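Dear colleague,

Please find below the structure I promised to pass on, together with its sequence. My notes on what turned up in it follow directly after.

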Amino acid sequence: MAIYNAGDQLVVLRNVCTHMGCQTGWNDASKTWDCPCHGSRYHPDGGVLLGPAAALPRLEHRLQNGGIALVT
Ligand code: FES
């Protein structure tokens, strides 16, 4: 799971690249989620900045007892 604080909301994403399943990582310099395998890059909200991947899926969540609970 990847979490980005957008100021007025938390964006919770599945951080597995939608191209071939590598784990994305946060790039603090460019403020993007980057895939190390084939170069896909994502906006903080999971939208695609550079393919070949499609957008990262958002995970429904709620704040609960000081933590984040995923809604299934
Ligand atoms: S697995 Fe991420 S770009 Fe291919």
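Tryptophan 33 counts as buried, because its relative accessibility of 7% falls under the 20% limit for that class. Please keep in mind throughout that this is a predicted model. Tryptophan 33 is also a member of the largest nonpolar core, which has ten residues and further includes Ala2, Val11, Leu13, Cys17, Cys22, Cys35, Tyr42, Ala53 and Leu56. For two of the cysteines in that set I can give values: cysteine 17 is buried at 5% relative accessibility, and cysteine 35 is likewise buried, with a relative accessible area of 8%. Alanine 53, another member of the core, touches Cys17 and Tyr42, and its contacts beyond four places in sequence also include Thr18, His19, Ser40 and Val48.

Tryptophan 33 brings us to the aromatic residues, where Tyr4, Trp26 and Trp33 form one cluster. A pair of aromatic rings is described by the distance of the centres and the angle of the planes. The count of aromatic pairs comes to two. In one of them, the rings of tyrosine 4 and tryptophan 26 have centres 5.5 Å apart and planes at 35 degrees, so this pair is tilted. It links distant parts of the chain, since tyrosine 4 lies in strand 1 (residues 2-5) and tryptophan 26 in strand 3 (residues 25-27), with 22 residues separating the two positions. Tryptophan 26 is partly exposed, with a relative accessible area of 31%. The rings of tryptophan 26 and tryptophan 33 have their centres 4.7 Å apart, and their planes stand at 65 degrees, so that pair is edge-to-face.

Tyrosine 4 deserves a paragraph of its own. Its relative accessible area is 24%, and tyrosine 4 is therefore partly exposed. Leaving aside residues up to four places away in sequence, tyrosine 4 touches Gln9, Leu10, Val11, Trp26, Trp33 and Pro44. The C-alpha atoms of tyrosine 4 and lysine 31 are separated by 9.8 Å, although these two residues are 27 apart along the chain. Within the strand pairing, tyrosine 4 stands opposite valine 11 in strand 2.

On the strands themselves, strand 1 and strand 2 run antiparallel and are joined by four bridges. The two form a hairpin with four residues between them, and glycine 7 in the turn has a positive phi of about 95 degrees. A second antiparallel pairing is that of strand 7 (residues 61-64) with strand 8 (residues 67-70), again with four bridges. Here histidine 61 has leucine 70 in strand 8 as its bridge partner. Strand 7 and strand 8 also form a hairpin, with two residues between them, and asparagine 65 in the turn has a positive phi of about 50 degrees.

Which cysteines does the disulfide join? A search of the whole structure finds one disulfide, and it joins cysteine 22 to cysteine 37, with an S to S distance of 1.9 Å. The torsion about the S-S bond is about -95 degrees, so the disulfide is left-handed. This pair, too, links distant parts of the chain: cysteine 22 sits in the loop between strand 2 (10-13) and strand 3, while cysteine 37 sits in the loop between strand 4 and strand 5 (41-42), 15 residues apart. Cysteine 37 is partly exposed, with a relative accessible area of 37%, whereas cysteine 22 is listed in the largest nonpolar core.

Finally, a word on aspartate 34, which is found in strand 4 (residues 32-34). Is aspartate 34 buried or exposed? At 18% relative accessibility, aspartate 34 counts as buried, because the limit for that class is under 20%. The side chain of aspartate 34 makes a polar contact of 3.3 Å with the side chain of arginine 41. Not counting residues up to four places away in sequence, aspartate 34 touches Thr24, Gly25, Asn27 and Ser40 as well as Arg41.

With best regards

Notes: Residues are numbered from 1 along each chain as its sequence is written. This is a predicted model: local features need pLDDT of at least 70, side-chain atom pairs count only at pLDDT 80 or more; totals for chains, interfaces and linings use all residues. Side-chain values use heavy atoms; hydrogens and water are left out. Rings of Phe, Tyr and Trp (its six-membered ring) pair if their centres lie within 6.5 Å; planes under 30 degrees apart count as stacked, over 60 as edge-to-face and the rest as tilted. Buried means under 20% relative accessible area, exposed over 50%, partly exposed in between (1.4 Å probe, protein chains only). Contact means heavy atoms within 4.5 Å. A nonpolar core is a set of buried Ala, Val, Leu, Ile, Met, Phe, Trp, Tyr and Cys residues joined through side-chain atoms within 4.5 Å. A polar contact is a pair of N or O atoms within 3.5 Å; within protein, one must be able to donate a hydrogen and the other to accept it, and residues adjacent in sequence count only if both atoms are side-chain atoms. A disulfide is a pair of cysteine sulfur atoms within 2.5 Å. Two strands pair if DSSP finds at least two bridges between them.
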